[in-house]
Amino acid sequence: MKLLLKRLHKTDKSTIGELSINGKFEAYTLEDVERDTKVFGKTAIPKGTYEIVMTMSNRFKKMMPLLLNVPNYEGVRIHSGNKPEDTEGCLLLGTTRGQDFIGGSRDAIAKFYPKLESALKVGKVTITIE
């Protein structure tokens, strides 16, 4: 499975994008702001391609997607949330979007996680962020 995240709308508080699976729209995304210099918990991850695995999150106490080998980052996950304060460098998914906000996040995650888990059973999953 190949995921693609296109960053589309940038403000001084967040970055809104669209996530697709194998070329088909899946969800809107909310991330922190892209910055030249990283600010801990307030900076979008660098553009690039990363492998995704499911691991136990110590913070959320459940299995969640983890992006591997993100330069200068640890614990980058894909999870629910609605506003920039919810992300801390992670990717949030939603079914609707606004300025510095995504809605329907739990619904988007409930739809996405089973697809990801099924794909991981048969092969490697990557996400490209552009």
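This passage walks through the fold, the cores and a few loop residues of one protein chain.

The structure is a predicted model, in which local features need pLDDT of at least 70 and side-chain atom pairs count only at pLDDT 80 or more, while totals for chains, interfaces and linings use all residues. Residues are numbered from 1 along each chain as its sequence is written, and side-chain values use heavy atoms, with hydrogens and water left out.

To start with the overall layout, the chain has one helix and 10 strands; these are DSSP runs numbered from the N terminus, with helices being H or I of at least four residues and strands being E of at least two. Along the sequence the order is β-β-β-β-β-β-β-β-β-α-β. The radius of gyration is 13 Å, which agrees with the value near 14 Å for a compact globule of 130 residues; the radius is taken over C-alpha atoms, and the globule rule is 2.2 Å times the number of residues to the power 0.38. Along the principal axes, the C-alpha atoms fill a box of roughly 40 × 30 × 30 Å.

Contacts (heavy atoms within 4.5 Å) often link distant parts of the sequence: among those in the chain with a separation of 6 or more, 48% are between residues 24 or more positions apart. Of the 130 residues, 45% are buried, where buried means under 20% relative accessible area, exposed means over 50%, and partly exposed lies in between (1.4 Å probe, protein chains only). About 7,100 Å² of the chain is exposed, with carbon and sulfur atoms supplying 50% of that area; the areas come from the Shrake-Rupley method with a 1.4 Å probe, and for residues only the protein chains shown count as cover.

Now for the inside. In soluble globular proteins, nonpolar side chains tend to be buried together. A nonpolar core here is a set of buried Ala, Val, Leu, Ile, Met, Phe, Trp, Tyr and Cys residues joined through side-chain atoms within 4.5 Å. The largest one holds 26 residues, and Leu-67, Phe-112 and Ile-127 touch the most other members. Elements giving two or more residues to this core include β1 (2–10), β5 (62–67), α1 (105–122) and β10 (125–129). The largest share, six residues, comes from α1. Leaving aside residues up to four places away in sequence, Ile-127 touches Leu-3, Leu-5, Leu-19, Gly-48, Thr-49, Tyr-50, Ile-52, Leu-67 and Leu-91. A second, separate core has five residues, including Ile-16, Tyr-28, Leu-30 and Leu-92.

The loops have their own details. Thr-87 sits in the loop between β6 and β7 and is buried, at 0% relative accessibility. Not counting residues up to four places away in sequence, Thr-87 touches Leu-30, Glu-31, Asp-32, His-79 and Leu-92. Glu-88 belongs to the loop between β6 (78–79) and β7, but is partly exposed at 47% relative accessible area.

Most residues other than glycine have a negative phi. Glu-88, though not a glycine, has a positive phi of about 50 degrees, and Asp-100, also not a glycine, has a positive phi of about 60 degrees. Asp-100 lies in the loop between β8 (96–98) and β9 (101–103) and counts as buried, with 14% relative accessibility.

Finally, Lys-124 is in the loop between α1 and β10 and is exposed, at 54% relative accessible area. Outside residues up to four places away in sequence, Lys-124 touches Met-1 and Glu-51.
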